[in-house]
Amino acid sequence: AVARQWASHVHLIDLLISSECWLSLYADWTASPSDDSRKPPFQRLEGFDIDLRPLTDEKQAGKFEACRDVRELWIAGPCVCPGYTSADFNTGSFEISAGRRWY
């Protein structure tokens, strides 16, 4: 409700940022109809690819047994981190596919 109020006074953009992907998704509250109670959908920035993949980690997948179709968001693009400083953290975090680094 607060975001909708602000969007009537300023151009309000919601940025989805993580340290690994920097800025890859955004939602434009101002462009969304003011009478719509839902949040505006996130859109990908140009140059990024997005893939929804099935969870491969059985431990993680077990947390969501009640859900029928749980997916993991993978992002590739110019702002995806080249990796962590510790090789231990990189294991399983990034994937190279078709010449692109996915997180």
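Biologist: Buried means under 20% relative accessible area and exposed means over 50%, with partly exposed in between. With that in hand, what is the relative accessible area of Glu95?

Modeller: In this predicted model, Glu95 has a relative accessible area of 32%, and because that value falls between the two cut-offs, Glu95 is partly exposed.

Biologist: Which residue forms a salt bridge with Glu95?

Modeller: That is Arg53, and the closest N and O atoms of the pair are 3.1 Å apart. Arg53 lies in strand β4, whereas Glu95 belongs to strand β6 (residues 95–97), so their salt bridge ties together parts that are 42 residues apart in sequence.

Biologist: And Arg53 itself, buried or exposed?

Modeller: Arg53 is buried, because its relative accessible area of 14% is under the 20% cut-off.

Biologist: What else does Arg53 form a salt bridge with?

Modeller: Arg53 also forms a salt bridge with Asp51, where the closest N and O atoms are 3.0 Å apart. Asp51, with a relative accessibility of 30%, counts as partly exposed. As for Arg53 and Glu95, their salt bridge shares a partner with the one just described, and Asp51, Arg53 and Glu95 are in this way joined into one network.

Biologist: How many salt bridges are there in the count?

Modeller: The count comes to three salt bridges. One of them pairs Asp49 with Arg100, and there the closest N and O atoms are 2.2 Å apart. Asp49 sits in strand β4 (residues 49–54) and Arg100 in strand β7 (residues 100–102), so this pair ties together parts that are 51 residues apart in sequence.

Biologist: How exposed are those two, Asp49 and Arg100?

Modeller: Asp49 is partly exposed at a relative accessible area of 31%, and Arg100 is likewise partly exposed, at 27%.

Biologist: Let's step back to the whole chain. How many helices and strands does the protein have?

Modeller: The secondary structure comes to three helices and seven strands, and along the sequence these elements follow the pattern α-β-β-β-β-α-β-α-β-β.

Biologist: What share of the residues counts as buried, and what about the accessible surface?

Modeller: Of the 103 residues, 21% count as buried. The protein exposes about 7800 Å², and carbon and sulfur atoms supply 54% of that area.

Biologist: And what share of the contacts joins residues at least 24 apart?

Modeller: If one takes the contacts between residues at least 6 apart in sequence, 41% of them join residues at least 24 apart.

Biologist: Changing topic, which residues form a nonpolar patch on the surface?

Modeller: Val2, Trp6 and Val10 form such a patch, and together they have about 310 Å² of accessible area. Val2 has its place in helix α1, which spans residues 2–7, and Trp6 is found in helix α1 as well.

Biologist: How accessible are Val2 and Trp6?

Modeller: Val2 counts as exposed at 54% relative accessibility, and Trp6, with a relative accessible area of 53%, is exposed too.

Biologist: One last thing about Trp6: what separates its C-alpha atom from that of Thr30?

Modeller: Those C-alpha atoms are separated by 8.7 Å, while Trp6 and Thr30 are 24 residues apart along the chain.

How values were computed
Residues numbered from 1 in each chain as written. Predicted model: local features only at pLDDT ≥ 70, side-chain atom pairs only at ≥ 80, totals over all residues. Heavy atoms only, no water. Patch = residues over 30% accessible without salt bridge, like charges linked within 9 Å, V, L, I, M, F, W, Y side chains within 5 Å. Areas by Shrake-Rupley, 256 points an atom, 1.4 Å probe, with all protein chains shown as cover. Salt bridge = Lys/Arg side-chain N within 4 Å of Asp/Glu carboxyl O. Helix = DSSP H or I, 4+ residues; strand = E, 2+ residues; numbered from the N terminus. Buried < 20%, exposed > 50% of the residue type's maximum accessible area, 1.4 Å probe, protein only. Contact = heavy atoms within 4.5 Å.
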